[in-house]
Amino acid sequence: MASYRELLAQVKEEIDEISSTAAQDLLTSSDAPLFVDVREPDEWQEGHIPGAVYATRGRLEQQIEGLVPDKSRPLVVYCSGGSRSAFAAKSLAELGYEDVVNLAGGFTDWKRNGFEVTMPRVLSSEQRARYSRHLLIPEVGEEGQQRLLDARVLLVGAGGLGSPASLYLAAAGVGTLGIVDADVVDESNLQRQIIHSTDSLGEPKVLSAKRTIEALNPDVRVLPYEERLTSENIDRILGEGWDVIVDGADNFPTRYLVNDASVWHGIPVVHGSIFRFEGQATVFSPGNGPCYRCLFPQPPPPELAPSCAEGGVLGVLPGIIGSLQANETLKLILDRGETLAGRLLLFDALGTTLDEVNVRRDPYCPVCGDSPTITEYVDYVEFCNAPVGRS
Amino acid sequence: MAAVRIPPTLRADVGGLRELEARGETVGAVIDDLVERYPPLAGQLYSEGELASFVNVYLGGEDIRTLDGLDTPVDDGETVILLPAMAGGV
């Protein structure tokens, strides 16, 4: 039976090592390796090598394929002194990673040489508990959770779609939620607009939503805009800086306004719409795909637009579509997975079917095309007697 | 025969049906067959004799405007999706 020292010596014979100085040179080269930090959480929090990914030694094998899917990518593994990472390097090679080296002397030696160290931002113990199920997912983890906490999402409408979308974004810890809605809570809203309650009847929707969200998650700051989105105020509101817009408007004028503004401000829009038993969702990402006008260049004439008030909607439908919007929003913030950009999802609640059609950027699009013909906001006739920005 | 998905906004014009069978060798012929049987659809789908700009038609998941438009051939058993713009979010 080998002692620890013998085992370590044996493992070190089987792996390659790199000195701090050589690793530092590689860090600034064009084909820099990825550093993998396998220390304990308290060690990581006291600083790490810039750009390193983090998985404790105990969870390394479990998490590494999520963190580094490409097994040909060169890796430099480190711990504090180079011993734990020696075992880690061997294990990674056994998992099929082709180019793994151990950082000799570890982080201690790196620091002793005066090389750059990044201080991670730290979640509080309350946040660690609250977001623990996110922290367990390699695609989110601590870095992703910080991204969510730093993110700013603007919700257009605190109605059927905005209710579930804002609740899930708030629960996920999206740090700032702007909500635009000029309406007050009405009894007929409560069949589906789950962010409001019987207690908030008659209250402005933005304030009712703010109260519900703050009760759910004190990490979230809600910025209420109790106004209708118009060509007059949209630049001011969008100019406050948003990472993503969630479009849950209930009328064409607002949808076109949001689209044109998002293209000009360069902000992605997560689109959802609902009617009776059917819903649609997609992502419009300026510069990376189509916009709403590539899909529908202009609104239908008012006499052909479906009447919102008469149309009706199954109460759970906005829950499904609004949740899909929250999902797309989280992926956009985390920069993970495939979004719905370029794909329009069609959900039919009666048949429980999900179809998908392709949406392509139109080079002749009047707003995002190569030679735009619309360069200022268009105030379309309001349909459904619904003022712009109400939901 | 092609299957044609009728969106909720047009169902009132086809007796509430969600899907219909229609004949035609091109998308245009399939739509003409529908319009002949359900004349009120004409005003919803066409504008000045052309497919209205606020209505999209998909065949095999592709917008026919990126294919051969109304002349796009339709094979037996294919599904045509009619999709007018829909704004609701309430």
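User: What makes chain B agree with a compact globule in its radius of gyration?

Analyst: In this predicted model, chain B has a radius of gyration of 12 Å, and a compact globule with 90 residues would have one near 12 Å, so the value agrees with the rule. Along the principal axes, the C-alpha atoms of chain B occupy a box of roughly 35 × 25 × 25 Å. Chain B contains two helices and seven strands, which follow one another from the N terminus as β-β-α-α-β-β-β-β-β.

User: Why are α10(A) and α11(A) called roughly parallel?

Analyst: Helix α10 of chain A and helix α11 (residues 205-216) of chain A pack at an angle of about 30°. Angles under 35 degrees count as roughly parallel, and α10(A) and α11(A) are therefore described in that way. Their axes are 9 Å apart, and the crossing of α10(A) with α11(A) is right-handed.

User: Which residues make the contact between α10(A) and α11(A), and how do they divide by character?

Analyst: From α10(A) come A:S166, A:L167, A:A170 and A:A171, and from α11(A) come A:A209, A:I213 and A:L216. The residues of this contact of α10(A) with α11(A) comprise six nonpolar, one polar and no charged.

User: Why is α10(A) called oblique to α16(A)?

Analyst: Helix α10 (residues 162-171) of chain A packs against helix α16 (residues 317-334) of chain A at an angle of about 40°, with the axes 7 Å apart. That angle is outside the ranges for roughly parallel, roughly perpendicular and roughly antiparallel, so α10(A) is oblique to α16(A). The crossing of α10(A) and α16(A) is right-handed.

User: Which residues of α10(A) and α16(A) meet, and what is the character of the contact?

Analyst: On α10(A), the residues are A:G162, A:S163, A:P164, A:A165, A:Y168 and A:L169; on α16(A), they are A:P318, A:G319, A:G322, A:S323, A:Q325, A:A326 and A:T329. The residues of the contact of α10(A) with α16(A) divide into six nonpolar, seven polar and no charged. Glycine counts as polar in this division.

User: How do you know that α1(A) and α5(A) are oblique to each other?

Analyst: Helix α1 (residues 4-14) of chain A and helix α5 (residues 84-94) of chain A pack at about 50°, and their axes are 9 Å apart. Roughly parallel requires an angle under 35 degrees, and roughly perpendicular requires 65 to 115. The angle of about 50° meets neither condition, and α1(A) and α5(A) are therefore oblique. The crossing of α1(A) and α5(A) is left-handed.

User: Which residues of α1(A) and α5(A) make the contact, and how do they divide?

Analyst: A:L8, A:V11, A:K12 and A:E14 of α1(A) make the contact with A:A86, A:F87 and A:K90 of α5(A). The contact of α1(A) with α5(A) is made up of four nonpolar, no polar and three charged residues.

User: How many residues does each chain give to the contact of chain A with chain B, and which elements of chain A give two or more?

Analyst: Chain A gives 34 residues and chain B gives 17. The elements giving two or more residues to the side of chain A that touches chain B are α13 (252-265), β10 (269-275), β11 (278-284), α15 (308-311) and β13 (353-358) of chain A. That side of chain A divides into 15 nonpolar, 12 polar and seven charged residues.

User: Which domains does the assignment give for chain A, and how far apart do their C-alpha centres lie?

Analyst: The domain assignment of chain A gives domain 1 (4-112) and domain 2 (151-358). The C-alpha centres of domain 1 and domain 2 of chain A lie 43 Å apart.

How values were computed:
Residues are numbered from 1 along each chain as its sequence is written. Chains are lettered from A and ligands numbered from 1 in the order in which they are written. This is a predicted model: local features need pLDDT of at least 70, side-chain atom pairs count only at pLDDT 80 or more; totals for chains, interfaces and linings use all residues. Axes are lines fitted to C-alpha atoms, for helices over the stretch in contact, and angles run from 0 to 180 degrees between N-to-C directions. Helices (H or I, at least four residues) and strands (E, at least two) are DSSP runs, numbered from the N terminus. Angles under 35 degrees count as roughly parallel, over 145 as roughly antiparallel, 65 to 115 as roughly perpendicular and the rest as oblique. A crossing is left-handed if the near helix is turned anticlockwise from the far one by less than a right angle, and right-handed if clockwise. Two residues are in contact if their C-beta atoms, placed from the backbone, lie within 7 Å. Domain bounds come from an automatic or database domain assignment. The radius of gyration is taken over C-alpha atoms; the globule rule is 2.2 Å times the number of residues to the power 0.38.
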